[in-house]
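Work through the exercises below with the sequence and the coordinates side by side, and attempt each task before reading its solution.

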Amino acid sequence: MAQAKHSLKKYPTIGVCGLDCGLCPRYYTKGTSRCPGCGGPDFLNKHPSCSFITCCVKKKNLEVCGQCSDFPCSKFKTEQEYQQMEESSSYPSNKIVLQNLGFIKEHGIKVFIDRQRKRIKLLERMIENFDDGRSRSFFCRAACLLDVTSLESSLNKASRKIKTVNIKTDDIKTKARILKEYLEKIASKKDVELVKKKK
């Protein structure tokens with residue numbers, strides 16, 4: 001039996017468990033493999049057995065676990081365990097789940113969503129103007145791990161350089177390379193890994 005196409009929660013860009021769904025490559029994928037975000041339309045067909053959704057949304061009528069008086073409960077690992085987890089080559093979201101939920105617990109979900117929307121807008125700008133078909137995951141990692149000021153600075157520097165050296169508008173490959181260089185330079189200074197090292 002098909003699940004309803006409506007959203008289960010108000011903010012699908014933040015996972016019940018703290019994942020930054022609005023900064024994930026699958027959220028920006030076209031076609032049937034696209035993820036609608038946490039609790040977004042058709043979510044239950046793609047993720048029918050999410051215990052976080054069952055506990056937090058269905059039983060407690062909350063948006064995220066950070067709003068629960070029992071957070072962090074036994075469903076969560078320790079911060080150290082999250083940092084040591086094998087991560088996706090495209091998206092390091094497990095690294096920041098506790099940080100996201102802790103922020104929501106302290107400041108509220110609306111403040112978190114306002115901050116996240118800034119990151120999403122910057123990511124969408126990167127994807128729209130700089131994605132050469134191979135850089136979307138990289139840009140998602142950057143939007144997830146770097147602060148908004150660093151993202152804005154990198155975008156502005158890249159745009160100025162592209163204009164200064166007269167890169168053609170449709171030369172997306174060169175534009176992507178330039179932006180990635182600026183993002184990697186800032187990430188290196190902040191000891192942030194944007195390119196997952198192969199073991």
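**Exercise 1.** Determine whether K190 is buried, exposed or partly exposed, and find how the salt bridge of K190 with D147 is placed in the chain.

*Solution.* K190 has a relative accessible area of 43% and is therefore partly exposed, where buried means under 20% relative accessible area, exposed over 50% and partly exposed in between, for a 1.4 Å probe and protein chains only. The model is a predicted one, in which local features need pLDDT of at least 70, side-chain atom pairs count only at pLDDT 80 or more, and totals for chains, interfaces and linings use all residues. Residues are numbered from 1 along each chain as its sequence is written, and side-chain values use heavy atoms, with hydrogens and water left out.

Next, K190 forms a salt bridge with D147, the closest N and O atoms being 3.3 Å apart; the term requires a side-chain nitrogen of Lys or Arg within 4 Å of a carboxyl oxygen of Asp or Glu. K190 lies in the segment after helix 8 (172-189) and D147 in the loop between helix 6 (136-145) and helix 7 (148-164), so the pair ties together parts that are 43 residues apart in sequence. Helices here are DSSP runs (H or I, at least four residues), numbered from the N terminus. D147 is partly exposed, at 28%.

**Exercise 2.** Establish which accessibility class each partner has in the salt bridge of R136 with D131.

*Solution.* The closest N and O atoms of R136 and D131 are 3.3 Å apart. R136 is partly exposed, with a relative accessible area of 23%, whereas D131 is buried, at 17%.

Technical notes: Helices (H or I, at least four residues) and strands (E, at least two) are DSSP runs, numbered from the N terminus.
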